[in-house]
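Colleague: I should like a close look at a single helix and its surroundings. Please take the packing of that helix step by step.

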Amino acid sequence: MAQSTPLVLVTMGSDSDLPVLKAGIDILTQFGVPWEVDITSAHRTPARMAEVATQAAGRGIKVIIAAAGGAAHLPGMIAAYTPLPVIGVPVKATHLDGMDSLLSIVQMPRGVPTATVGINNSVNAALLAIRFLGAFMPEMQEKMVEYQAQNEKQVQDKASRLRETGVDAYLAQMNT
């Protein structure tokens, strides 16, 4: 849903982060949120990253989702250059099971707030971006209310099925 007037910028430090971001991009599309995607490495293209972050608000972007693995400086560096909310997605890289990325994003110094979701959890990043948009776009808030109601119904249906069939039958059903 990349359009001329995107509301959410989804960016990553490397194209290897794209598979992690795809699920979140799908959520944005499902909710009808216009988005754009980019690669802006904090380490390999710092001037371009700063330019993208600095210009985002003026282009109409309302929220930035930034994914990075390893040292994971991208979300925090983007947050340093923009007044917009930034949601960091720590990516599980080859070492430390993504804990290095998580800690790099979540431990931002005072004055540079960067929201952080769980490791590889771009779905929650997208849902959080939609909630931010819902604060001033009633149609997004309504879509979020509907989404939450669907989630509630799914859990209630599963709980009913578990009570009706019992543990063994429920597990057997899950494994088929």
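Modeller: A crossing is called right-handed if the near helix is turned clockwise from the far one by less than a right angle, and left-handed if anticlockwise. In this predicted model, the crossing of H2 and H3 is right-handed. The two axes come within 8 Å of each other and cross at roughly 50°. Angles from 35 to 65 degrees are neither roughly parallel nor roughly perpendicular, so H2 counts as oblique to H3. On the H2 side, the contact is made by Met49, Ala50, Ala53 and Thr54, and these meet Leu74, Met77, Ile78 and Tyr81 of H3. Sorted by class, this contact has seven nonpolar residues, one polar residue and no charged residues.

The burial pattern of H2 may be set beside this contact. H2 covers residues 46-56, and its buried residues are Met49, Ala50, Val52, Ala53 and Ala56. Seen down the helix axis, these buried residues fall within an arc of 165°, so they line one face of H2. An α-helix has 3.6 residues a turn, so residues three or four places apart point the same way.

As for its partners, the buried residues of H2 pack against helix H3 (74-81) and also against three strands: E1 (8-12), E2 (35-39) and E3 (63-69). Met49, Ala50 and Ala53 are among the buried residues of H2, and Met49, Ala50 and Ala53 also take part in the contact with H3.

Technical notes: Residues are numbered from 1 along each chain as its sequence is written. This is a predicted model: local features need pLDDT of at least 70, side-chain atom pairs count only at pLDDT 80 or more; totals for chains, interfaces and linings use all residues. Side-chain values use heavy atoms; hydrogens and water are left out. Buried means under 20% relative accessible area, exposed over 50%, partly exposed in between (1.4 Å probe, protein chains only). Helices (H or I, at least four residues) and strands (E, at least two) are DSSP runs, numbered from the N terminus. The arc is that of the directions from the helix axis to the C-beta atoms. Contact means heavy atoms within 4.5 Å. Axes are lines fitted to C-alpha atoms, for helices over the stretch in contact, and angles run from 0 to 180 degrees between N-to-C directions. Angles under 35 degrees count as roughly parallel, over 145 as roughly antiparallel, 65 to 115 as roughly perpendicular and the rest as oblique. Ala, Val, Leu, Ile, Met, Phe, Trp, Tyr, Cys and Pro count as nonpolar, Asp, Glu, Lys and Arg as charged, and the others, Gly among them, as polar.
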